[in-house]
Amino acid sequence: MIRTAQLTKSFGERTLWQGVDLTLPSGRMLALVGPSGSGKTTLLNCLGLLEKPSSGDILHGEKSLTHLGAGGRRRFRKAHLGYLFQNYALMENATVRQNLDLARRDRERQAHALERVGLAGRGGEKVHRMSGGEQQRIALARLMVKQPSLVLADEPTGALDEGNGRMVIDTLRQMAHEGCTVVVATHKEDVRDGCDDAFDVHTQCLSVAV
Ligand SMILES: Nc1ncnc2c1ncn2[C@@H]1O[C@H](COP(=O)(O)OP(=O)(O)OP(=O)(O)O)[C@@H](O)[C@H]1O
């Protein structure tokens, strides 16, 4: 389980959020909501150890993650974290399969994941020839192959039509069901409604579903 303790982030004089205490239990989906510029992506980046908070801590069990060095952060990210970010972070000149190999070289899992995201049989294609929405779905397939314990998703339905958007949320829900924690930054009401809990980074109000 990951939790934050009095987490605060400022850029210069401007404080985005302060004293954030969040518990992220496995099996649950948390939506990060709030107006544009309120700091949803920045909070995701901090949880993903891509950016440092100004103060406070992020804890995995009793272990502080904010005090890890570069090597420790890299190992933690590799072992535990999965990202579904807007730039997809795919190797564009490689094939879909080569991208999935980076997560885990398990052809059976890969085939299942590609089928789940509607890209069955496309493993040999070069990523840069595929559409934005298809690339977003490759990133989702890569997550399914990796099976991280914490998934961080930034507007994961952004480039997708309604049906594929629903498929993404259903897949994240399935991953939560299998025991991972999912955190989703979103403006979209249907995505928020698909999550269990919601944290408004602007008002710092947490709504928990019972
Ligand atoms: N490295 C940085 N230096 C200074 N300001 C930054 C930096 N990174 C982000 N910001 C500022 O922090 C604020 C929050 O940005 P962030 O992307 O986290 O918001 P957001 O809630 O995700 O917005 P949106 O919904 O529009 O994507 C913005 O005003 C942004 O300009």
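Two residues are in contact here if their C-beta atoms, placed from the backbone, lie within 7 Å. The model is predicted.

**Around Arg97**

Start with a single residue. Arg97 sits in helix α3, which spans residues 96-103. What does Arg97 touch, leaving aside residues up to four places away in sequence? Its partners are Gln110, Gly123 and Gly124. Take Gly124: 27 residues separate Arg97 from Gly124 in sequence, yet their C-alpha atoms are 6.2 Å apart in space. Is Arg97 buried, exposed or partly exposed? A residue needs 20 or more other C-beta atoms within 10 Å to be buried, and 12 or fewer to be exposed. Arg97 has 16, so Arg97 is partly exposed.

**Helix pairs**

Gln110, one of the partners of Arg97, also takes part in a helix contact, that of α4 with α5. Two helix pairs involving α5 follow.

| Helix pair | Angle | Axes apart |
|---|---|---|
| α5 (residues 132-146) and α6 (residues 162-177) | about 10° | 11 Å |
| α4 (residues 107-116) and α5 | about 140° | 9 Å |

The α5 and α6 axes make an angle of about 10°. That makes the two helices roughly parallel, as angles under 35 degrees count as such. On the α5 side, the contact uses Gly133, Arg137, Leu140 and Met144. They meet Asn164, Val168, Thr171 and Met175 of α6. By type, this contact holds four nonpolar residues, three polar and one charged.

Now turn to α4 and α5, at about 140°. Roughly antiparallel needs an angle over 145 degrees. The pair is therefore oblique. The crossing of α4 past α5 is right-handed. From α4 come Arg109, Gln110, Ala113, Leu114 and Arg116. From α5 come Ala141, Met144 and Val145. Five residues of this contact are nonpolar, one is polar and two are charged. Met144 appears in the contact with α6 and again in the contact with α4.

**The whole chain**

Step back to the full protein chain. It has seven helices and eleven strands. Its C-alpha atoms fill a box of roughly 50 × 40 × 35 Å along the principal axes. How does the radius of gyration fit a compact globule? For 210 residues, such a globule would come near 17 Å; the chain has 17 Å, so the two agree. Of the 210 residues, 35% count as buried. Many contacts link distant parts of the sequence: among those with a separation of 6 or more, 69% join residues 24 or more positions apart.

Conventions:
Residues numbered from 1 in each chain as written. Predicted model: local features only at pLDDT ≥ 70, side-chain atom pairs only at ≥ 80, totals over all residues. Axes fitted to C-alpha atoms, helices over the stretch in contact; angles between N-to-C directions. Helix = DSSP H or I, 4+ residues; strand = E, 2+ residues; numbered from the N terminus. Parallel < 35°, antiparallel > 145°, perpendicular 65-115°, else oblique. Nonpolar A, V, L, I, M, F, W, Y, C, P; charged D, E, K, R; others polar. Rg over C-alpha atoms; globule rule 2.2 N^0.38 Å. Left-handed = near helix turned anticlockwise from the far one by under 90°.
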